[in-house]
Amino acid sequence: MKRIFTLVLAVVISTSVYAQMKKPSVMVIPSKQWMTAGGHMKKFDNQGTTENHPNYRSALESDPTLNQVLVKLSGVVKNRGFTVKMLEAQLDKVDQKMADQNMRTTGGGVYVNPTDMLKMTAKADLVLELSYTIVPQGFQNSVQFTLLAKDAGQGTMAGQVTGNTEPSSGSIPEEMSAALNLYMDAFSADLMKYFEDMVANGREILLNVNVTENFDEDLYTDSYGDDELMLLIEDWVADNTKGGNYNLSDATETMMVFEQTRIPLEYERKGKMRKMDAGAFGSNLAKYLKSLGLEGTRSERSSLSEVNIFIATY
């Protein structure tokens, strides 16, 4: 009993220490509502379905105040110890990655929209979505603003700030950053509470497993281990998720869907800790399946929190 208590205490202490030593990475972006109101949306053809996505580059280039606001608010957040991913820098990275590629696919047929591509590039833990309205009051202006913190992968709410500035003839970015500072204690506490839950229980992703035409059997085959392939895959997921937390919501002879799959925030590679996301988790599963003889298996991300495994023998 004493040993069990000691082990539990060690896990609690290590989780608490990790959370105290490290804060989540964040990226401040204009909200979709703000982008739509400003006419900064673009159409994306997702395999015949037209989707509307924010055109962040257009917004930054046409509205100098927006960029100044994002820089100022990012500075406020950074001063609280959070790692900040700047929107414009991440857009530059996306442009570099996609310079010689079609942005619509990852190269294997999985379509990736521009919003998910940005999030996959930035790999921020949380996205802070900003909406604001400038309200003229005579020779002065006030600003009404809302800052929503969401899980970058799942979109789950992590915190919220709503406020307004006093009427002023001063700089809009300066006034907004000063107003946000008034709310930062409670806002920071909300972000850390959400992040501590991620540390303790893992990051949630969606894992899809499918067989391909280059696989002559199905998931019920027992040709690749001491049990059916479907069970071997589920065993691997159970062993590699945080606390064995996952939900096998659907399974047939050709596919498996793992929802609410909780993965660790980091994993060790070559003696160093690296950030774990859906892509890294899927890559590790693909390597395991290749070790069983399914050498044509590949892993493809469709978003920051979703990965697809395609099983093949060659």
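In this predicted model, helices α9 and α10 are oblique to each other. Their axes cross at roughly 135 degrees and come within 11 Å. An angle of 135 degrees is neither under 35 nor over 145, and it lies outside 65 to 115, so the pair counts as oblique. Helix α9 covers residues 229-240, and helix α10 covers residues 278-291. The crossing is right-handed. On the α9 side, the contact is made by Leu229, Leu232, Ile233, Trp236 and Asn240. On the α10 side, Phe281, Asn284, Leu285, Tyr288 and Leu289 take part. By class, eight of these residues are nonpolar and two are polar. No charged residue belongs to this contact.

A second pair is formed by helix α4 (residues 64-78) and helix α7 (residues 172-181). Their axes come within 9 Å and cross at roughly 30 degrees. Angles under 35 degrees count as roughly parallel, and α4 and α7 are therefore roughly parallel to each other. The crossing of α4 and α7 is right-handed. Helix α4 contributes Thr65, Gln68, Val69, Lys72, Leu73 and Val76 to the contact. Helix α7 contributes Ile172, Pro173, Glu174, Met176, Ser177, Leu180 and Asn181. The contact holds seven nonpolar, four polar and two charged residues.

The third pair joins helix α5 (residues 87-98) and helix α6 (residues 114-122). Here the axes cross at roughly 105 degrees and come within 9 Å. Angles of 65 to 115 degrees count as roughly perpendicular, so α5 and α6 are roughly perpendicular to each other. From α5, the contact includes Leu87, Gln90, Leu91, Lys93, Val94, Lys97 and Met98. From α6, Met117, Leu118, Thr121 and Ala122 take part. Seven residues of this contact are nonpolar, two are polar and two are charged.

Empty space was examined next. Rolling a probe the size of a water molecule over the atoms shows where such space is left. The count comes to one cavity of 30 Å³ or more. About 70 Å³ of space lies in the largest cavity. Its lining includes Lys123, Ala124, Asp151, Gly153 and Arg203. Lys275, Met276, Asp277, Leu304 and Ser305 also line the largest cavity. By class, the lining has five charged, three nonpolar and two polar residues.

Definitions and conventions: Residues numbered from 1 in each chain as written. Predicted model: local features only at pLDDT ≥ 70, side-chain atom pairs only at ≥ 80, totals over all residues. Heavy atoms only, no water. 1 Å grid on protein atoms, 1.4 Å probe; cavity = no way out; pocket = protein on both sides within 12 Å on 5 of 7 lines; lining within 4 Å. Points joined across faces, edges and corners; volume = space filled by probe spheres on them. Nonpolar A, V, L, I, M, F, W, Y, C, P; charged D, E, K, R; others polar. Axes fitted to C-alpha atoms, helices over the stretch in contact; angles between N-to-C directions. Helix = DSSP H or I, 4+ residues; strand = E, 2+ residues; numbered from the N terminus. Left-handed = near helix turned anticlockwise from the far one by under 90°. Contact = heavy atoms within 4.5 Å.
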